[in-house]
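Please open the model in your viewer and keep the sequence beside it, since this tour moves from one selection to the next and says what is to be found at each stop.

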Amino acid sequence: MERARHENVATVLVDPALLPELELELMELDLRVWPVRTAPNCVDGPRAAFQLRRRLVEAQRGAWDCAAGWVPVWISFGESWYVGAEPLPWSAHRTLWDALAGHAAQVRYQRRLGGVPPLAVRSERRRAG
């Protein structure tokens, strides 16, 4: 059985005041920020964002209560991080975690990646065929 196509992402809660700045900073590193509320792979984005935020905050048993109103985002890796069918290199992980560590007061995340249905933007979908 073959695994369904997916995209590697970090799930991060971001202070809304930081979101525009973080998005630009990560864009320069070929990392893409996808607010779950408006992600193209979510049928009901607002509900998915609410449930994800709630699950993340509650799982930390009070440690992340400051993030109860923050924006849940997925951060994916742009094409420059991939080499053919090879797995995502560790340098991509390190670059992401280092960038997020620079904003420790305004982000909450666990250092691991998950998989979500592909988040390809329109022009990439045509090339991926």
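Begin by selecting Arg61, which counts as exposed at 80% relative accessibility. What you have open is a predicted model, and Arg61 is found there in the loop between α2 and β3. Look also at the backbone of this residue, because the phi of Arg61 is near 50°, a positive value in a residue other than glycine.

Stay in the loop between α2 and β3 and move along to Gly69, which is found there as well. Gly69 is exposed, with a relative accessible area of 57%. If you set aside the neighbours of Gly69 within four places in sequence, the residues in contact with Gly69 are Pro16 and Arg53. You can also draw a distance from the C-alpha atom of Gly69 to that of Val57, two residues that are twelve apart along the chain, and the separation is 9.7 Å.

Next, select Asp30, whose place is in the loop between α1 (19-27) and β2. The phi of Asp30 is near 60°, a positive value in a residue other than glycine. Is Asp30 buried or exposed? With a relative accessible area of 18%, Asp30 lies under the 20% limit and therefore counts as buried.

Now zoom out and colour the whole chain by secondary structure. The protein has four helices and five strands, and when read along the sequence these elements follow the pattern β-α-β-α-β-α-β-β-α. Of the 129 residues in the protein, 40% are buried. Among the contacts between residues at least 6 apart in sequence, 75% join residues that are at least 24 apart.

With the overview in mind, select strand β1, residues 7-14. Six of the eight residues of β1 are buried, so this strand is largely enclosed by the rest of the structure. Which strands pair with β1? One of its partners is β3, and the two pair in the antiparallel sense over six bridges; here you can find Val14 standing opposite Val71 in β3. Another partner is β4, which pairs with β1 in the antiparallel sense over three bridges, and in β4 the bridge partner of Leu13 is Arg108. Strand β5 (residues 114-116) is also joined to β1 by three bridges, and these two strands run antiparallel; to see this pairing, select Glu7 together with Val116 in β5, which stands opposite Glu7.

From β1, pass on to strand β3, residues 71-77, which is mostly covered, with six of its seven residues buried. Besides pairing with β1, β3 pairs with strand β2 (residues 31-35) in the antiparallel sense, over five bridges. A place to look at this second pairing is Pro35, which stands opposite Val73 in β3.

For the next stop, show the side chains of the aromatic residues. How many aromatic pairs are there? The count comes to one aromatic pair. The rings of Trp97 and Tyr109 have their centres 5.6 Å apart and their planes at 5°, and the pair is therefore stacked, the limit for stacking being an angle under 30 degrees. Trp97 lies in helix α3 (residues 90-101) and Tyr109 in strand β4, so the pair ties together parts that are twelve residues apart in sequence. Trp97 is also buried, with a relative accessible area of 5%.

The last stop is the second largest pocket, which has a volume of about 230 Å³. To find this pocket, select Thr11, Leu52, Leu56, Gln110 and Arg112, which lie nearest its centre among the 14 residues that line it. The elements that give two or more residues to this lining are β1 (7-14), α2 (45-59) and β4 (107-109). What is the make-up of the lining in terms of nonpolar, polar and charged residues? If you colour the lining residues by type, eight of them are nonpolar, three are polar and three are charged. The tour thus ends back at β1, which contributes to this lining and is the strand you selected earlier for its antiparallel pairing with β3.

How values were computed
Residues numbered from 1 in each chain as written. Predicted model: local features only at pLDDT ≥ 70, side-chain atom pairs only at ≥ 80, totals over all residues. Heavy atoms only, no water. 1 Å grid on protein atoms, 1.4 Å probe; cavity = no way out; pocket = protein on both sides within 12 Å on 5 of 7 lines; lining within 4 Å. Points joined across faces, edges and corners; volume = space filled by probe spheres on them. Nonpolar A, V, L, I, M, F, W, Y, C, P; charged D, E, K, R; others polar. Buried < 20%, exposed > 50% of the residue type's maximum accessible area, 1.4 Å probe, protein only. Pairing = 2+ DSSP bridges. Phe/Tyr/Trp six-rings, centres within 6.5 Å; stacked < 30°, edge-to-face > 60°. Contact = heavy atoms within 4.5 Å.
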